[in-house]
Amino acid sequence: MPLKQLVYEHYGLQLDGLAEPRLLKAINALINSTGKTDTVALIGLLENDKRLFDDFIGQLTINETYFYREVEALDWLVSHYLPLRLNETSAPLRLLSAGCSSGEEPYSLAMALMERFGPRATSLFSLTGGDVDQQMLARAQRGLYSGMAFRTLPPHLKARYFKAYGRQYLIDDALRDWVHFQTLNVLAPTPESDRHAPFDVILFRNVSIYFDEEKRRVIQQRLSERLAPTGVLLCGVTETLGNDLGILELTQDQGVFHFRHANAAAGPVSPVADARLAPDSRPVPQTPKPLQRRSIEKATNGEPPHSPPASFKQRLELAREWLDHNQFDDAEACVATLLKEQPWSVDALVLAGLIARWQKNADHAQTLFKRAIYVMPECWPAHFYQAELFRTGELPRSPAPLRRGYEATLRLLDANPTSPGGLEVMAPPIPPGDAFFLAKRYLEAHAIGLEDDDGL
């Protein structure tokens with residue numbers, strides 16, 4: 001397909017398998033907006049209209065991200081690497097989140113730096129988020145978030161750096177003004193106009209799974225051009241070995257793997273005592289008002305006798321809404337009553353598993369996902385999220401269940417690309433096409449890891 005090849009050449013995105021429906025949908029939208037149906041004419045429009053091409057690409061990318069993802073790398077940067085660099089060179093140090101999507105990663109870094117260095121952080125560091133998706137950059141600049149974006153953010157940080165804004169949360173103005181967002185195509189050379197480069201730290205995490213090895217080589221070469229001589233590049237935990245391509249040198253410190261220029265010093269990093277680094281104490285703002293409790297009380301004991309109780313479906317939807325707003329206790333209590341009524345409801349079991357996962361109760365989450373699979377072997381969301389527990393280290397890493405979960409997801413979705421996975425009330429927690437794409441990439445990354453282990 002010529003348009004698929006065009007996207008691959010310009011942006012490196014692989015659009016195979018279940019990613020193709022997303023491409024077809026984007027092509028139909030392009031036809032409707034331009035009135036052109038000829039492929040050659042469409043390609044010409046995209047190549048000559050950058051804004052149109054950017055909007056087209058924005059419909060093709062998966063933007064699954066959240067605050068404080070893989071927090072160990074953030075802790076290492078803030079507590080060890082950056083203090084050492086500040087002691088060796090003049091501020092500000094320059095940090096880049098490449099493939100920043102809707103901004104959760106650079107804002108997470110901003111929060112971590114503010115916690116460690118206090119208000120001085122804004123003068124010690126410059127923060128940049130870059131992405132090819134213009135719609136995601138616009139969302140990042142707005143700084144409005146809700147639901148699962150907060151799944152792993154400590155509650156006291158949410159209270160400190162966000163304020164309620166309708167049914168969403170708006171990030172603190174100081175952080176939003178601090179982080180600079182810009183268009184970034186990681187396949188393109190660094191433009192001379194990029195005044196923020198070179199960078200002392202580049203985060204390229206959970207992005208490279210969308211590219212084949214040929215494009216990863218080009219990308220790493222481009223990122224190495226943006227990296228300062230003594231800077232570091234961090235990839236996602238599952239992506240590190242797949243990015244060890246000989247362009248940058250893979251090193252590790254305190255269990256955190258990262259890449260450096262081969263001629264850069266790579267000694268151990270330790271905290272540095274420096275008067276500039278002492279954080280200031282700040283009062284913690286009042287916690288934002290939570291989503292109001294409503295249908296459960298009415299459905300059980302707070303409603304007049306003539307009013308019928310809320311249906312199973314309504315209560316399930318309410319529990320999902322509470323989960324999206326991080327009101328885990330309310331969501332858990334609601335789903336517990338639902339499971340008493342219908343112990344083998346696949347919807348309730350999957351939702352309960354997600355709640356347990358975000359409450360960091362991985363063992364219970366696995367039990368619930370297993371029950372869902374027992375009731376409905378075709379429940380690909382349960383297979384997918386059970387594998388996620390092992391991939392992310394929430395459960396002790398084990399190759400067999402990780403592989404089985406992702407392989408089951410691929411098998412089921414290959415047979416029925418739009419399958420709801422046995423869910424009758426909820427929409428799948430992740431779109432089936434995205435689950436297929438991610439399961440495939442994670443299996444490939446897992447295979448690379450096994451090859452490396454076999455060679456030791």
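## A buried histidine, two cores and a small sheet

His 258 is buried, because its relative accessible area is 1%, under the 20% cut-off. This structure is a predicted model. His 258 belongs to strand E10, which covers residues 256-260.

What does the side chain of His 258 reach at 3.1 Å? The backbone oxygen of Val 256 is that partner. The side chain of His 258 also makes a polar contact of 3.5 Å with the side chain of Arg 260. Beyond four places in sequence, the contacts of His 258 include Trp 76, Val 232, Leu 233 and Leu 234. Glu 249, Leu 250, Thr 251, Gln 252 and Asp 253 are also in contact with His 258.

Next come the cores. The largest nonpolar core has 73 residues. Phe 204 and Leu 323 touch the most other members. Which helix gives the most to this core? Helix H15, residues 346-358, does so with 10 residues. A second, separate core has 45 residues, among them Tyr 68, Tyr 81, Ala 121 and Leu 203.

Phe 204 has its own set of contacts beyond four places in sequence. Among them are Ala 98, Val 186, Phe 211, Ile 219 and Leu 223. Leu 233, Leu 234, Cys 235, Gly 236 and Glu 239 are in contact with Phe 204 too.

Glu 239 also leads to helix H19. Ala 445 lies in this helix, residues 432-454. Ala 445 counts as buried because its relative accessibility is 17%. Ala 445 and Glu 239 are 206 residues apart in sequence, yet their C-alpha atoms are 6.4 Å apart in space.

Now the sheet. Strands of a sheet pair through backbone hydrogen bonds, either parallel or antiparallel. Here 3 strands form an open sheet in the order E3-E5-E4, and the pairing is antiparallel. Strands E3 (144-145) and E4 (162-165) are the edges, each pairing on one side only. E4 and strand E5 (residues 168-171) pair over 4 bridges. In one of the pairs, Tyr 165 has Gln 168 of E5 as its bridge partner.

How confident is the prediction? The protein chain has a mean pLDDT of 81, and 82% of its residues reach 70 or more. Two stretches have lower values:

| Stretch | pLDDT | Contacts beyond near neighbours in sequence |
|---|---|---|
| Residues 266-308 | below 50 | 77 contacts |
| Residues 450-456 | below 50 | 2 contacts |

Where pLDDT is low, the predicted coordinates should not be read in detail.

Definitions and conventions. Residues are numbered from 1 along each chain as its sequence is written. This is a predicted model: local features need pLDDT of at least 70, side-chain atom pairs count only at pLDDT 80 or more; totals for chains, interfaces and linings use all residues. Side-chain values use heavy atoms; hydrogens and water are left out. A nonpolar core is a set of buried Ala, Val, Leu, Ile, Met, Phe, Trp, Tyr and Cys residues joined through side-chain atoms within 4.5 Å. Buried means under 20% relative accessible area, exposed over 50%, partly exposed in between (1.4 Å probe, protein chains only). Helices (H or I, at least four residues) and strands (E, at least two) are DSSP runs, numbered from the N terminus. Contact means heavy atoms within 4.5 Å. Two strands pair if DSSP finds at least two bridges between them. pLDDT is the predictor's confidence in each residue, from 0 to 100. A polar contact is a pair of N or O atoms within 3.5 Å; within protein, one must be able to donate a hydrogen and the other to accept it, and residues adjacent in sequence count only if both atoms are side-chain atoms.
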